[in-house]
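Trainee: I should be grateful for a close look at a single part of this model. Please describe where it sits and what surrounds it.

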Amino acid sequence: MTGLTSGVTKIASNYYASCAIHNGAAKCWGYNAYGGTGNGTTTQSTTPVQVTGLTSGVTDITSGVYASCAVHNGAAKCWGYNYYGGL
């Protein structure tokens, strides 16, 4: 994977996007129609992009069908499709 050749501690994937903890930061890539990359856009990306606000202090990451969440400095942070209130 371009940009993730070392420093990855966890990967999570869902139907639309994949995410990783990379050197303590959350990064995601994939089909982004529902905001799955977490960077405030709906532009898809084949390479990892920085999740807004999660540049360090990320200790866990997980993904569901339409959304992803991370533990950031002890707090839960989520992004993606919120139609059903999952965020």
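Mentor: Let us begin with Ser18, which is placed in strand 2, the stretch of residues 17-22. Please bear in mind that the model is predicted. The relative accessible area of Ser18 is 15%. Because the term buried applies under 20%, Ser18 is classed as buried.

We may now turn to what surrounds this residue. When its neighbours within four places in sequence are set aside, Ser18 is in contact with Ala12, Ser13, Lys27, Cys28 and Trp29. One of these, Ser13, also has a polar contact with Ser18: their side chains are joined at 3.0 Å.

Strand 2 leads us to the loop that separates it from strand 3, residues 25-30, and in that loop lies Asn23. Unlike the buried Ser18, Asn23 is exposed, with a relative accessibility of 57%. The term exposed applies to Asn23 because this value is over 50%. The backbone of Asn23 also deserves attention: its phi is positive, at about 50°, although Asn23 is not a glycine.

A further asparagine may be set beside this one. Asn73 is found in the loop between strand 6, residues 67-72, and strand 7, residues 75-80. Its phi is likewise positive, near 50°, and Asn73 too is a residue other than glycine. With a relative accessibility of 58%, Asn73 counts as exposed.

To review the part you asked about: Ser18 belongs to strand 2, is buried, and shares a side-chain polar contact with Ser13.

Terms used. Residues numbered from 1 in each chain as written. Predicted model: local features only at pLDDT ≥ 70, side-chain atom pairs only at ≥ 80, totals over all residues. Heavy atoms only, no water. Helix = DSSP H or I, 4+ residues; strand = E, 2+ residues; numbered from the N terminus. Buried < 20%, exposed > 50% of the residue type's maximum accessible area, 1.4 Å probe, protein only. Polar contact = N/O pair within 3.5 Å; in protein donor to acceptor, adjacent residues only side chain to side chain. Contact = heavy atoms within 4.5 Å.
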